[in-house]
Amino acid sequence: MVEVTVTPQSSLADRPVQIRVRGLSPSQLVTLRAWLKDEQGECFQSRAFFRADETGEVDPGLHAALGGSYSGVWPMGLFWFLQPDTLFRRLVKRDVAGSPFRVRLEVLDGLSLGADPREQPLASCEAERWYVGPGVQRVPIREGRVRGALFLPP
């Protein structure tokens, strides 16, 4: 049974996570896809192609991506190379304190180039990427023409 995990499952957006896929056949070609919907409902996604090692595992921190959104060893590549489905959109988090980005990670059999909705992943999981840590207080700043926010640690 194929399993994909992200450790830790919930983390700050600037912290690294470890992605692992287990339960594949040795040397099996798979596509790892990450996608999320931003606060306006716009979809962003990235994908990378991997060949499982002799134990049937894929670790983007150890194994080089063969292509897709990037190639080579990039432990956080699936997060860093997220691209919008619609041109000229940017991934921006407006409500930094209220909710995380929920990034869906999927393992697809073979080399998957399209976003066929009928395509069933072998395994999937979800990672939460927070922009403000627990207990951090946000204080709005309005002084003359200056606008901003001050984030105070707990």
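The following exchange goes through the fold, salt bridges and surface of a predicted model.

Colleague: In what order do the elements of the protein run from the N terminus on?
Modeller: The protein has 1 helix and 11 strands. The helix is written as α and each strand as β. From the N terminus on, the order is β-β-β-β-β-β-α-β-β-β-β-β.

Colleague: What share of the contacts with a separation of 6 or more comes from residues 24 or more positions apart?
Modeller: The C-alpha atoms fill a box of roughly 60 × 35 × 25 Å along the principal axes. Of the 154 residues in the protein, 38% are buried. Among contacts with a separation of 6 or more, the share from residues 24 or more positions apart is 54%.

Colleague: How far apart do the centres of the positive and negative side chains lie?
Modeller: The protein exposes about 9200 Å², and carbon and sulfur atoms supply 53% of that area. As for charge, there are 19 positive and 18 negative side chains. The centres of these two sets lie apart by 9 Å.

Colleague: Which residue forms a salt bridge with E39?
Modeller: The count of salt bridges comes to 8. In the one formed by E39, the closest N and O atoms are 3.0 Å apart, inside the 4 Å cut-off. The partner of E39 is K93.

Colleague: How many residues apart in sequence are the parts that E39 and K93 tie together?
Modeller: E39 and K93 form a salt bridge. E39 lies in the loop between β4 (29-37) and β5, while K93 lies in the loop between β7 (83-84) and β8 (101-109), so the parts that the pair ties together are apart in sequence by 54 residues.

Colleague: Is K93 buried or exposed?
Modeller: Its partner E39 has 32% relative accessibility and counts as partly exposed. For K93 the relative accessibility is 11%. Buried means under 20%, so K93 counts as buried.

Colleague: Which residue forms a salt bridge with R89, and where does that residue lie?
Modeller: R89 is in the loop between β7 and β8, and at 47% relative accessibility R89 counts as partly exposed. The closest N and O atoms of the salt bridge are 3.7 Å apart. The partner is 47 residues apart from R89. That partner, in the loop between β4 and β5, is E42.

Colleague: Is E42 buried or exposed?
Modeller: The relative accessibility of E42 is 13%. The limit for a buried residue is under 20%. E42 therefore counts as buried.

Colleague: Which residues are joined into one network by salt bridges that share partners?
Modeller: D59 forms a salt bridge with R20, with the closest N and O atoms 3.9 Å apart. D59 is in the loop between β5 (43-51) and β6 (67-68) and R20 is in strand β3 (residues 18-22), 39 residues apart. D59 is buried at a relative accessible area of 6%, while R20 is partly exposed at 24%. Through shared partners, the network joins R20, R22, E57 and D59.

Colleague: Which strand supplies the largest share of the nonpolar patch?
Modeller: The patch on the surface is formed by I141, V146, L150 and L152, with about 290 Å² of accessible area together. The largest share is 3 residues. They come from residues 146-152, which is strand β11.

Colleague: What relative accessibility does L152 have?
Modeller: L152 is one of the patch residues, and its place is in strand β11. Patch residues need over 30% relative accessible area. L152 counts as partly exposed because its relative accessibility is 33%.

Conventions
Residues are numbered from 1 along each chain as its sequence is written. This is a predicted model: local features need pLDDT of at least 70, side-chain atom pairs count only at pLDDT 80 or more; totals for chains, interfaces and linings use all residues. Side-chain values use heavy atoms; hydrogens and water are left out. Patches are made of residues with over 30% relative accessible area and no salt bridge: like charges are joined within 9 Å, nonpolar side chains (Val, Leu, Ile, Met, Phe, Trp, Tyr) within 5 Å. Accessible areas come from the Shrake-Rupley method with a 1.4 Å probe; for residues, only the protein chains shown count as cover. A salt bridge is a side-chain nitrogen of Lys or Arg within 4 Å of a carboxyl oxygen of Asp or Glu. Helices (H or I, at least four residues) and strands (E, at least two) are DSSP runs, numbered from the N terminus. Buried means under 20% relative accessible area, exposed over 50%, partly exposed in between (1.4 Å probe, protein chains only). Contact means heavy atoms within 4.5 Å. Lys and Arg count as positive and Asp and Glu as negative; His and the chain ends are not counted. The place of a charge is taken as NZ of Lys, CZ of Arg, CG of Asp or CD of Glu.
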